[in-house]
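Me: I'd love a close look at one part of this model, taken step by step. Could you walk me through it?

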Amino acid sequence: MSSTLTSTPASDGYRMPAEWDDHAGCFLVWPERTDNWRDGAKPAQRAWRALIEAIASAEDVTVLVSRRQYVVARGLLPDHVRLVETTTDDAWVRDTGPSFVVNDAGDVRGVSWTFNAWGGLRGGLYFPWDADDLVGPKICDLERVPVYRPSLVLEGGSIDVDGEGTVLTTEECLLNPNRNPDLSREQIEAELHAHLGTSKVIWLPRGVVHDETDGHVDNFARFAAPGVVMLTWTDDEADPQHERSAEALAILEHDTDAQGRPLRVVKLHQPGPLRMTAEEAAGVDSVPGSQARAAGERLAGSYVNSYIGNGIVVLPVFDDPNDAAAVAAYEELFPGRRVLTVPGREILLGGGNVHCVTQQLPSGR
Ligand code: KQY
């Protein structure tokens, strides 16, 4: 088993690299729980296959899959995708997996935060979550990398780093009393710096409307390059998203990153607003302890929720009039990478998107 470290990454000379740095691979978890994924999770599994094929065209992919679904997934996925039988509670490896950190020698370690299913017994999304809380250490075991196990409750989707000292997050999530009620903002900042090797936190007040993660930043505002932030946007002032995006824009336009650079903000106009149909809601099993789904429920659709891989960037699209502008923006933001699209609606119906269901393993190069 990988050793569990009691020091911190920063004190050991480690930092979390930007997602656009070189990867040794990517992890996903195969979706199957029918109280989150409609119609026996079959539409979600087709969406996963498209996403996995896109990422596996550029880097090594490992998919964690249950004993029940191993043969199904093996039959659907390309041979060069590695499957590893693993017990999990659901498929959100951005949040349950380790945030990997690197040092100047190119060594890699994992930070496996404490996971409480986005709020524990105070608004969390399912119970129990003990198998998900072990996904981080299990991945570190697989990769034979030492792991840090901070007591801080945090999901990987609630932070975004530029690899040069800056971390973006939201108050709605990280200061939510359902995560770390006994820690002050200053204590949470200190924990972030100690585990990410950062020196500056940019706090945005809120994330995307009706995002069941309590406003994960990876669905709202993310670095696309040093000094460049992509932001979920709408011009519609009657839409509650407008106020949220405008308050974030005001902060980003007047702040600087850890290097003192002003930030360029690129607005990505949201799809929709998208809503769950009656048929989609009816396809989700109703189970005590899991959140109920209802027809008409607003979906937290966003083009920011993408994966930046080796020579590629993969974003979700929604058969929406704003898809084309989002793709054009990615082509401008990521010159030299292939911009790939995957159908995003089925992942969105479960509560997230491409970034939420992927976890990169940096190569350390
Ligand atoms: O990172 C995420 N977007 C996770 C969402 C969990 C949703 C569970 N229904």
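Which residue in E10 does leucine 168 stand opposite? And please describe the sheet around that pair, along with whatever packs on it.

Reply: Happy to! Keep in mind that this is a predicted model. Leucine 168 stands opposite isoleucine 202 in E10. The leucine belongs to strand E9, residues 166–170, and E9 pairs with E10 in the parallel sense over five bridges.

Stepping back, the sheet is an open one of three strands, ordered E8-E9-E10, and its pairing is mixed. Strand E8 (160–161) and strand E10 (200–204) are the edge strands; each has a single partner strand, so one side of each is left without a neighbour in the sheet.

Now for the helices. H7, residues 185–196, lies across E8, E9 and E10, and runs at about 130° to E10. Helix H8 also packs on this sheet, where it touches E9 and E10, and its direction makes about 155° with that of E10.

H8 is a good one to follow, as it leads us to another sheet. This helix, residues 240–254, lies across E12 and E13 as well, running at about 165° to E12. Those two strands belong to an open, mixed sheet of three strands in the order E11-E12-E13. Its neighbouring strands are turned by 35° against each other on average, direction ignored. Within it, E12 (residues 228–233) runs parallel to E13, and six bridges join the two. Tryptophan 233 stands opposite histidine 269 in E13. Helix H10 (residues 323–333) lies across E11, E12 and E13, at about 155° to E13.

Key:
Residues numbered from 1 in each chain as written. Predicted model: local features only at pLDDT ≥ 70, side-chain atom pairs only at ≥ 80, totals over all residues. Heavy atoms only, no water. Pairing = 2+ DSSP bridges. Helix = DSSP H or I, 4+ residues; strand = E, 2+ residues; numbered from the N terminus. Axes fitted to C-alpha atoms, helices over the stretch in contact; angles between N-to-C directions. Contact = heavy atoms within 4.5 Å.
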